[in-house]
Amino acid sequence: MEVPVKNKTIQFHLILGILITAVLTLVLFPEKDIAIKAETPHLGQTSSRTIITPISFEVPKSAQEVETERQRAADKVYAVFEFNDDRTEEILKNLDNFLNELTQYGNLQYKISHPAGDSSIRNQIEQASVLYQTLTKRISITAVQQFSQNPKARDSLKAAFRKMLDNGVSNTLIASTNTSVQLFRDNYNVQEVQFIPYNKTEVSFVSHGEEKIIDASRIQPRERRIDETFAGLQLSFSQNQGLQSAFYEALYVFTEPNVFYLEKETESRRELARSQVNISKGMVPRGMEIVSQGSIITKDVLERLEAMQNALQKEENNKTLTSPYGQAIIQALIIAMFFLIFYFIRSEVIRTPRQVWSLITLVILQIIGFWVIHQAIASLPPSSASFFAQAEMIWLYPAALSPILATVLYNRKIGLIFAAFSSVFLGTLTGYDLAVSLSWFCICWAGIPFLGQIRYRVQFIWAILTSIAALAVLLCIFLLLRNRLELETYYTTLIVGSINLIICSGLSSVLFIHLFERIFGITTDLTLMELSDFNRPALKRISELAPGTFHHSIQVANLAEKVADAVGANSLLVRVMALYHDIGKTMRPEFFTENQKQGINPHESLTPAQSVKILMDHVEQGKALSKEYNVPEVVSAAIAEHHGTGIMQYFYRMAEQQNPGQEINADDFRYRGPEPQSKESAILMLADSIEATSRAIPDPTPEKLADMIHKTVVARLEERQLEKSNLSIKDLSALEQAFLHSLDGTYHTRIKYPDAPQKSQKLSSTT
């Protein structure tokens with residue numbers, strides 16, 4: 001357990017936490033219009049007064065409206081394609097040169113096959129060989145033979161090729177869907193396809209310095225143009241399969257794009273169209289009545305009111321002190337007051353810096369949660385408006401997140417303080433709306449009782465159901481105040497709020513509670529329930545190695561748990577402390593009375609000093625074992641604190657008897673402590689002594705038990721073992737009564753049966 005630190009250190013960490021949280025709040029919520037939202041009526045309300053504009057102002061479109069109109073304007077812009085004359089000539093020239101070489105090769109072949117008898121035949125063969133090597137690098141041998149021997153085929157190819165280029169070969173596929181692109185890839189067996197998603201039926205086409213609008217179907221990529229051209233050539237030479245193959249081969253070799261998609265030009269035109277969208281719905285002149293008294297606040301009226309307030313705010317920007325400063329001060333005050341509450345009430349959760357930072361982290365988590373939803377609501381797409389149009393979106397803010405976590409991690413009182421903080425903070429975000437703050441506080445308050453001293457995760461379900469029931473009631477009241485109590489509005493808002501509560505509880509139970517336990521060393525009742533399972537390795541070790549100690553621990557646990565509630569202590573924590581407090585005895589169990597069998601006592605052969613050392617060692621050994629078995633600090637603290645700094649009176653008196661006239665140092669027989677630092681450790685100390693002493697009382701009666709309990713409590717007071725436990729005299733009196741009531745039930749008087757056989761009497765005496 002962490003040692004409490006001085007107030008100055010706590011003050012430093014609290015002040016640092018206030019500054020960090022306040023700065024974070026100002027960074028996350030810099031809006032200047034939060035303050036003036038307090039004067040803005042809500043949609044559906046009845047206006048309490050007639051409002052006339054004191055200035056002229058424009059009514060701006062919402063960000064979603066502007067973005068929608070800009071997108072529509074951009075979508076109206078045609079994609080721009082350009083016919084490149086220079087590129088066309090290059091492609092045609094490339095084909096012409098190749099066809100000329102084919103013609104020359106064909107002529108040489110003819111001359112070689114019909115020699116004139118002169119000596120030039122050798123030169124002709126050499127020329128033909130060179131041309132053959134050049135031609136076969138571009139197309140196959142078969143295609144060369146087909147074209148070189150058929151002038152008509154060459155002329156037809158050239159004419160069809162020119163016509164294809166005149167129609168245009170695009171470098172980009174126009175596709176309306178991804179399916180169209182995939183079909184194109186599959187049909188033409190190509191992997192890389194440059195395409196643009198385009199749904200309009202027309203495009204802008206630039207050719208020979210002129211721009212015109214043409215049908216988008218006229219823009220075709222290379223593969224489709226080749227198929228179209230080949231189909232025409234195929235009809236003209238339908239009988240010659242070899243020539244058809246040569247046509248297809250030549251088209252694929254020489255066809256290149258001469259129509260290009262101008263992406264930058266298209267995007268430039270779209271950006272220009274977006275920039276030309278008017279962001280204003282129009283001007284409202286000075287002196288115009290926006291709404292009359294008693295009229296319903298419609299969406300248009302609300303837009304004009306918000307625009308008027310924004311315009312007034314801009315006029316006030318030249319002033320030195322404006323509303324954002326007031327907003328910042330209010331938020332800082334809320335945060336400061338929240339932390340100061342813990343400081344002034346001297347809460348047990350701010351005794352160490354680590355505990356202080358757990359609170360700071362929880363507050364920061366709550367503020368970030370508000371910011372996330374604040375941004376999400378502001379950026380809801382128009383498509384979401386169909387369901388949420390009637391819902392009050394303030395019920396989507398996770399105001400229950402930190403109260404749920406604080407209740408489970410700490411206690412109900414802390415949870416209620418966090419509920420007050422989160423509801424008040426949310427009220428400032430919604431225009432200082434008191435109805436919002438009160439409603440959310442009541443909703444949190446309804447669920448918190450099920451989460452205090454939580455022992456089963458099913459309690460989260462009961463907390464959710466109770467909170468939703470409170471939400472249903474408070475939502476009716478809230479919508480009545482807004483003059484919006486309609487079925488559609490009610491059930492959509494109820495769904496939104498219920499989802500919010502379910503998510504907050506789900507995140508808390510599954511994620512955040514575990515993280516806070518790990519990071520800040522907090523032990524919740526859920527963890528304590530797991531630790532109380534007798535199948536835990538540490539408890540199995542005690543039961544197997546020291547069964548007497550295990551039985552004693554269970555008896556102490558039962559006794560301490562019953563009396564803890566009498567002084568407002570955590571009964572579950574006391575029980576778990578009792579189960580683990582003597583784990584150190586498992587190292588040498590035979591040296592402790594409850595584990596000794598057949599009357600063998602190893603201490604008879606030891607000096608008092610040796611016995612004391614062995615008994616004291618079980619505390620240090622218990623601490624080491626608790627770390628080995630990952631026992632939380634709040635539980636393992638009881639290992640040292642349940643003995644405090646008390647003296648082992650038995651061995652101390654024995655040492656005095658064995659050394660008459662010699663001064664014995666009492667500190668040599670004193671436990672190292674520390675004294676109990678909490679109510680729970682103090683109760684365990686008393687329960688441990690009272691349970692052990694009660695077993696030694698012959699024929700216990702209520703009077704004997706009450707006297708023994710009182711003497712035990714007084715002895716611990718005189719030894720000053722309870723000074724740091726926060727137990728008052730009134731608490732000790734209540735504990736005495738609770739101990740007596742519990743022990744009286746344990747040692748209840750049994751009925752004696754007259755003239756019972758000896759065997760029966762023996763059985764009765766052992767029950």
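Is D86 buried or exposed? I started my notebook with that one. D86 has 58% relative accessibility, and exposed means over 50%, so D86 counts as exposed. A reminder to myself: this is a predicted model.

**Entry: around D86**

I looked up where D86 sits and found it in helix α3, which covers residues 85–113. Then I checked who else is around on the surface. D86 belongs to a patch of negative charge there, together with E82, D85 and E89. Which helix gives the most to this negative patch? My note says helix α3, with three residues.

**Entry: S439**

Next I jumped along to S439, which is part of helix α17, residues 434–447. Buried or exposed, I wondered about S439. Its relative accessibility is 7%, and the cut-off for buried is under 20%, so S439 goes down as buried. I also checked S439 against A470: they are 31 residues apart in sequence, yet their C-alpha atoms lie 8.8 Å apart in space.

**Entry: a hairpin**

Last stop, strands β6 and β7. How do β6 and β7 run, and how many bridges join them? I wrote down antiparallel, with six bridges between β6 (residues 202–207) and β7 (residues 210–215). Picking one position in the pair, I found F205 opposite K212 of β7. The hairpin has two residues between its strands. I looked at the backbone there too, and H208 takes a positive phi near 55°. One thing to keep in mind for strands: in a regular one, side chains alternate between the two faces of the sheet.

Methods: Residues numbered from 1 in each chain as written. Predicted model: local features only at pLDDT ≥ 70, side-chain atom pairs only at ≥ 80, totals over all residues. Heavy atoms only, no water. Pairing = 2+ DSSP bridges. Helix = DSSP H or I, 4+ residues; strand = E, 2+ residues; numbered from the N terminus. Patch = residues over 30% accessible without salt bridge, like charges linked within 9 Å, V, L, I, M, F, W, Y side chains within 5 Å. Areas by Shrake-Rupley, 256 points an atom, 1.4 Å probe, with all protein chains shown as cover. Salt bridge = Lys/Arg side-chain N within 4 Å of Asp/Glu carboxyl O. Lys, Arg positive; Asp, Glu negative; His and termini not counted. Charge placed at Lys NZ, Arg CZ, Asp CG, Glu CD. Buried < 20%, exposed > 50% of the residue type's maximum accessible area, 1.4 Å probe, protein only.
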